[in-house]
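Biologist: I am new to this structure and would like to start with one part of it. Please pick a place where two helices meet, take a close look at it, and then show me what surrounds it.

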Amino acid sequence: MTITDADLRLLTRATDGFGAVLARTDLTGDDAGRCAGWTLRDVANHVLGGAIRYQHYFSGGDPAEVAWSRTADHAGGDAAAAHRRVSAMLNDRITEHRGSAITLHHPLADIDVPTLLVLRVQELVLHGWDIASVAAPSVTIDPALGVFLLERGASVRTLLRDHGALGPEHDPGAEADLTARVLAAWGRWP
């Protein structure tokens, strides 16, 4: 599978959406995020560190070499600017390798570049919701990104579940909106 222009546009859309969440969120306090045990800043740092880790996988290096990125404060004084910087580098690498058959050594499993793109989009979308929904519980997931995740995210969800990084899928009910369906697929409740 190769990465299409539409896939890259959705990656950009998810990147921009997460940046917008960071730009309007105060990360200076200890406000609890939706991820158990994490503050809003912890969630932001996880996503920013993810861009650093994902970019490192393109070098063929050992994931342990970037373990420091899991605990570093990447957000600094301007989380949105930090996000733009680290995401631009990662998105360039994804674009550069969009049709290549390289294997990336993710700590959970060896993956291809299209899988990494889906992992990144799900990280940006779900953690963006994690942050935004604290202040605005009725915030919804961008419909185009939600559909993308439901259509292309099954293998990513399986990978994460197989390694204990994702809870069980929930049945959101027949009347559930797109946001609830996405959250339920990833084992979350709104």
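**Where H4 meets H5**

Modeller: Helices H4 and H5 are oblique to each other. Please keep in mind as we go that this is a predicted model. H4 covers residues 113-135 and H5 covers residues 143-152. Their axes come within 10 Å and cross at roughly 135°. Angles over 145 degrees would count as roughly antiparallel and those from 65 to 115 as roughly perpendicular, so an angle that fits neither of these, nor the range under 35 degrees, is called oblique. The crossing in which H4 passes H5 is left-handed.

Now let us see which side chains meet there. H4 brings Leu 117, Val 118, Val 121, Gln 122 and Val 125 to the contact, while H5 brings Leu 145, Phe 148, Leu 149 and Arg 152. Sorted by class, this contact of H4 with H5 holds seven nonpolar residues, one polar residue and one charged residue.

One of these residues, Leu 117, is a good place to pause. Leaving aside residues up to four places away in sequence, Leu 117 touches Ile 3, Asp 7, Leu 8, Leu 11, Ile 94 and Phe 148. You have already met Phe 148, which is on the H5 side of the contact.

From Leu 117 we can step back to the largest nonpolar core, which has 53 residues. The members that touch the most other members are Leu 22, Ile 94, Leu 116, Leu 117, Val 121, Ile 131 and Trp 186. At least two residues of this core come from each of H1 (5-23), H2 (40-57), H3 (79-96), H4, H5, H6 (154-162) and H7 (178-185). H4 gives the largest share, 12 residues.

H4 also holds Trp 129. This residue is buried, since its relative accessible area is 5%, and buried here means under 20%. If you look for His 97, you will find it 32 residues away from Trp 129 along the chain, with 28 Å between their C-alpha atoms.

Next, turn to helix H1, where Val 21 is found. With a relative accessible area of 7%, Val 21 is buried. Not counting residues up to four places away in sequence, Val 21 touches Gly 128, Ile 131 and Ala 132. Ile 131 may sound familiar, as it is among the core members that touch the most others. Val 21 and Ala 79 are 58 residues apart in sequence, and their C-alpha atoms are 9.9 Å apart in space.

Gly 17 lies in H1 too. Its relative accessibility is 33%, so Gly 17 counts as partly exposed. Although Gly 17 and Val 125 are 108 residues apart along the chain, their C-alpha atoms are separated by 7.7 Å. Val 125, you may recall, belongs to the H4 side of the contact with H5.

Finally, have a look at H7. This helix is mostly covered, with seven of its eight residues buried. The buried ones are Leu 178, Thr 179, Ala 180, Val 182, Leu 183, Ala 184 and Ala 185. They pack against H4, H5 and H6, which brings us back to the two helices we began with.

Notes
Residues numbered from 1 in each chain as written. Predicted model: local features only at pLDDT ≥ 70, side-chain atom pairs only at ≥ 80, totals over all residues. Heavy atoms only, no water. Axes fitted to C-alpha atoms, helices over the stretch in contact; angles between N-to-C directions. Helix = DSSP H or I, 4+ residues; strand = E, 2+ residues; numbered from the N terminus. Left-handed = near helix turned anticlockwise from the far one by under 90°. Contact = heavy atoms within 4.5 Å. Nonpolar A, V, L, I, M, F, W, Y, C, P; charged D, E, K, R; others polar. Core = buried A, V, L, I, M, F, W, Y, C linked by side-chain atoms within 4.5 Å. Buried < 20%, exposed > 50% of the residue type's maximum accessible area, 1.4 Å probe, protein only.
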